[in-house]
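Let's take a walk through this model together, stopping at a few helices and a few single residues along the way. Keep the viewer open and follow along.

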Amino acid sequence: MCSTGRCFPILNLDQFPMDLSQLSDSEAAALCSLLRARIIDVVSRTGGHLASSLGAVELIVAIHRVFDLNRDRLVFDVGHQCYAHKILTGRNQAMEGLRSFGGIAGYPKPSESQADAFIAGHASNAVSVAIGMARARTLQHKDYSVLALLGDGALSGGLAYEGLSDAGDSKEPLIVILNDNGMSITKSVGGVADHLARQRLKPQYLRFKRGYRKVMGATTVGRGIYKVTHKVKTAVKETLLPCSLFEDMGFTYLGPVDGHDVKRLTRLLRYAKDLKAPVLLHVRTVKGKGYPPAERNPDAFHGVGRFCVETGELVASSKPNFSATFGQLLCGMAEKDPRICAVTAAMQGGTGLDGFAARFPERFFDVGIAEGHAVAMAAGMAKQGMTPVFAVYSSFLQRAYDQLIHDVALQGLHVVFAVDRAGLVGEDGETHHGVFDPAFLDTIPGMTVLCPSSFAELESMLRHAVYELTGPVAVRYPRGGEGAYQADSGKVKTALLRPGKDITLTGYGITINALLDCADRLAADGLEAELLKFNTITPLDVAPVARSVQKTGRLLMAEEAAGGSVGKRLAAGLLERGITARVAYVNTGDGFVTHGGVEQLRTLRGLDGASLYKKAREVCGHGDS
């Protein structure tokens, strides 16, 4: 990797971080190849967000050539494309533990590195965060650059436009990089537009433009001439080039440019930095670039498990899971009921709706990364007599809290929420665990929340939610498949699964499997546990548990939720009835849960069978000394 008689030692990625500002264009291209190979190798063994990271390799290298990210601030939107950035900031060896318990996160995480400017896990917020940082820089009289890197999918979220509108109007020096890998946000206007775009991004044109603006701004006459020529140029450009949206917001628009041309990207970023103004750099990339299986099927390799590099085939065979089961059930119901519609927010495959979209395209609505809009739209559909079912990850439903209250609950509209990824989700970590919805859904008047523990209960509860209940209804279920419990006790709000006299165990959802394991372990010790399962957690049916606790005098409540969501309500209900008992609660805690395998995280939080057994023995006065 020699250039002009000089060799740059980048054969070993463990040497990073290092200054890339003097890297030649050929060396930069070689580094991109090295990074791409490393990312493919690592993700094939750890799983992760492959296609997005491969598509952004040249862009990340170009950013690191121009900016010092220990000082300059790069804000990722979601962060799916951050793997090259992690390697270049000294985490190459740590990539071996990517997304694993005790290893580095799959998203930017400031606690890992000063070069990670901000946490990233949900979409459309990067520009808002970046303009906040830019304003802080100005107020503190400091000198550093601020960049926001977002994918075109983030532009389907309204928050992105709020941020862009404010940032463009602010006049703050700020660079927004739009990584456009397939949404087609711009209108195709043919070869003339492409030709003009190429010309206006040439280095000699950019140098001329900068010099012309400086000379003409020096005198009154010059400023008058510049004003006229600028109007003529703008009129032509708006006719032929797809940039008026961003320029109307106040940005200097650069692009579109090939996002895999590291030489050109570097020059444009240097130019954008020199402008000292709001700049939007529109970059076109190929998702999965450099790995044919990912290029052919970028959706499948967006978030992927372990796979064979040579063939692209997944190492682990897929098993039945709640998401796929939900999709199949909804298809069967929609076959017989033309009122049923499916809504998703850019999660068609993840929520199991591929089949529904294919069979009922006229009743399937993917609104993009816009959960608030999805809920409001579903409210409108319900108001006019349809039965919308919004399939959404628990952590993303958080983004629509206002619409849940104002648009749905206030009028008692019958919208069904299929809340996927409820509870601990594993490797995606803090930003994706579905541990907050039991608490915030309970605050919404008229809301009913059902918690199936098996596929059979998912079917009966989904039918109950669609056909028998009124008002807003949430059916929440975990990521992955069912456990040992595969029965259906969902016809009652609280089900007695096992009678006993020594301690009352209670929980809901997938946690019931750990409680059954706990009960079996206690039985081996001669302790009879009475196990009650909440099928409905809002409104909460306290009476059966109160009767049980009056008999046993002891209670252990377990849930995969933050801060004792249902547990606190249960405790309050018992106190209201004047019931005192020895009580213990196990939940995910008051903080945020890290990333790792789901079973590892359950053990970490004491929600596995062995840990619950130990806690139950303590409640019974048989704790280990």
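**A walk through the fold**

Just after helix α21, Gly 553 has a positive phi of about 75 degrees. Keep in mind as you look at it that this is a predicted model. The helix that leads up to this glycine, α21, spans residues 543–552, and its buried residues are Pro 544, Val 545, Ala 546, Ser 548, Val 549 and Thr 552. What lies over them? The cover includes the strands β14 (494–498), β15 (503–508), β16 (529–534) and β18 (554–558), along with helix α22 (565–576).

Now zoom out for a moment. The protein's secondary structure adds up to 24 helices and 19 strands. Of its 625 residues, 56% count as buried. If you take contacts between residues at least 6 apart in sequence, 74% of them join residues at least 24 apart.

Next, head over to α4, residues 83–91. How enclosed is this helix? Eight of its nine residues are buried, so α4 is largely enclosed by the rest of the structure. The buried set is Tyr 83, Ala 84, His 85, Lys 86, Ile 87, Leu 88, Thr 89 and Arg 91. Around them you'll find α1 (25–46), α2 (50–55), α3 and β3 (73–76), which the buried residues pack against.

One of those partners, α3 (residues 57–66), deserves a second look: its axis and that of α4 are 8 Å apart, at an angle of about 40 degrees. That angle makes α3 oblique to α4, because it falls outside the ranges for roughly parallel, roughly antiparallel and roughly perpendicular. The crossing of α3 past α4 is right-handed. On the α3 side, Ile 60, Val 61 and His 64 do the touching, and they meet Ala 84, His 85, Leu 88 and Thr 89 of α4. By class, this contact of α3 with α4 has four nonpolar residues, three polar and no charged. The spacing of such residues fits a general rule: an α-helix has 3.6 residues a turn, so residues three or four places apart point the same way.

Another of α4's neighbours, α1, also packs with α11, with axes 9 Å apart and an angle of about 115 degrees. That makes the pair roughly perpendicular, because the range for that label runs from 65 to 115 degrees. From α1 come Asp 25, Ala 28, Ala 29 and Cys 32, while α11 brings Val 262, Lys 263 and Arg 267. The contact of α1 with α11 counts four nonpolar, no polar and three charged residues.

Follow α11 (262–275) towards β7 (278–284), and in the loop between them you reach Ala 277. Which residues does Ala 277 touch, if we skip those up to four places away in sequence? They are Glu 172, Pro 173 and Leu 174. Ala 277 also sits 7.7 Å from Phe 251, C-alpha to C-alpha, with their positions 26 residues apart in sequence.

For one more helix pair, find α15 (residues 371–383) and α17 (residues 401–408), whose axes come within 8 Å and cross at roughly 15 degrees. With angles under 35 degrees counting as roughly parallel, that is why α15 and α17 get this label. The crossing is right-handed. Gly 372, Val 375, Ala 376 and Ala 379 of α15 make the contact with Gln 403, Leu 404, Asp 407 and Val 408 of α17. Here the contact residues split into five nonpolar, two polar and one charged.

Thr 344 is worth a stop too, in strand β8 (residues 340–344). Is this threonine buried or exposed? Its relative accessibility is 0%, so Thr 344 counts as buried. Its side chain reaches the backbone nitrogen of Met 347 at 3.3 Å. Beyond its neighbours within four places in sequence, Thr 344 is in contact with residues including Thr 351, Leu 353, Phe 390 and Ala 391, and also with Phe 364, Phe 365, Asp 366, Val 367 and Gly 368.

Finish at Leu 527, in the loop between α20 (512–524) and β16. Leu 527 counts as buried because its relative accessibility is 11%, and the cut-off is under 20%. Leaving out neighbours within four places in sequence, Leu 527 has contacts with Asp 502, Leu 522, Cys 620 and His 622. Arg 617 is 90 residues away from Leu 527 in sequence, yet their C-alpha atoms are 8.9 Å apart.

Technical notes: Residues are numbered from 1 along each chain as its sequence is written. This is a predicted model: local features need pLDDT of at least 70, side-chain atom pairs count only at pLDDT 80 or more; totals for chains, interfaces and linings use all residues. Side-chain values use heavy atoms; hydrogens and water are left out. Helices (H or I, at least four residues) and strands (E, at least two) are DSSP runs, numbered from the N terminus. Buried means under 20% relative accessible area, exposed over 50%, partly exposed in between (1.4 Å probe, protein chains only). A polar contact is a pair of N or O atoms within 3.5 Å; within protein, one must be able to donate a hydrogen and the other to accept it, and residues adjacent in sequence count only if both atoms are side-chain atoms. Contact means heavy atoms within 4.5 Å. Axes are lines fitted to C-alpha atoms, for helices over the stretch in contact, and angles run from 0 to 180 degrees between N-to-C directions. Angles under 35 degrees count as roughly parallel, over 145 as roughly antiparallel, 65 to 115 as roughly perpendicular and the rest as oblique. A crossing is left-handed if the near helix is turned anticlockwise from the far one by less than a right angle, and right-handed if clockwise. Ala, Val, Leu, Ile, Met, Phe, Trp, Tyr, Cys and Pro count as nonpolar, Asp, Glu, Lys and Arg as charged, and the others, Gly among them, as polar.
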